[in-house]
Amino acid sequence: MSNLMSVLMPILIGIVCVCLLSLIPDPHRRRANAVLVAGAGAAYLSGGGLGYAEFVLPVVMTYVAFRGLDSWTWIGVGWLLHTAWDVLHHLNASPILAFAGDSSFGCAVCDPVIALWCLAGGPPVLSRLRDRLRRTAPAA
């Protein structure tokens, strides 16, 4: 059960994150997500688990985030790059949160959920779900 939860919880966190981010109105939603992906690029800097290589991701993510100001695809790519960094840290036993040994693994499961939403264009998922439910609800 514990192994199942270590996968399900990060997926749930990713879904909640997507739902909350989708509440930001257009056109600010994409720009806010670009800023978030830029910040994610610096998340591992204080740990230093990969030595000087830790400086690579923030540089790359700054470029990706800049491109993401105008492109959901670039933001999605940024989250996938962060996923790869999460995997490297998990394999290197250098978690994003020092007090939570599997935190990089969880991040590697959560980030692709956000990436998929971004690659789909960052739609307002809650309003689309609400509209779909209204169309399928029987008339009273």
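This report describes the nonpolar core, one helix pair and one glycine of the structure above.

The model is predicted, so that local features need pLDDT of at least 70 and side-chain atom pairs count only at pLDDT 80 or more, while totals for chains, interfaces and linings use all residues. Residues are numbered from 1 along each chain as its sequence is written, and side-chain values use heavy atoms, with hydrogens and water left out.

The largest nonpolar core (a set of buried Ala, Val, Leu, Ile, Met, Phe, Trp, Tyr and Cys residues joined through side-chain atoms within 4.5 Å; buried means under 20% relative accessible area, exposed over 50%, partly exposed in between, with a 1.4 Å probe and protein chains only) has 18 residues, and Ile75 and Trp117 are among those with the most contacts inside it. The helices (DSSP runs of H or I, at least four residues, numbered from the N terminus) that give two or more residues to this core are tabulated here.

| Helix | Residues |
|---|---|
| H1 | 2–21 |
| H2 | 28–40 |
| H3 | 56–68 |
| H4 | 72–91 |
| H5 | 103–119 |

H5 provides the largest share, five residues. Beyond its neighbours within four places in sequence, Ile75 is in contact (heavy atoms within 4.5 Å) with Arg30, Asn33, Ala34, Val37, Gly68 and Cys118.

Residues of H3, including Val60 and Gly68, meet residues of H4, among them Ile75 and Trp85.

Gly39 lies in helix H2 and counts as partly exposed because its relative accessibility is 42%. The C-alpha atoms of Gly39 and Leu21 are 15 Å apart in space, with the two residues 18 apart in sequence.
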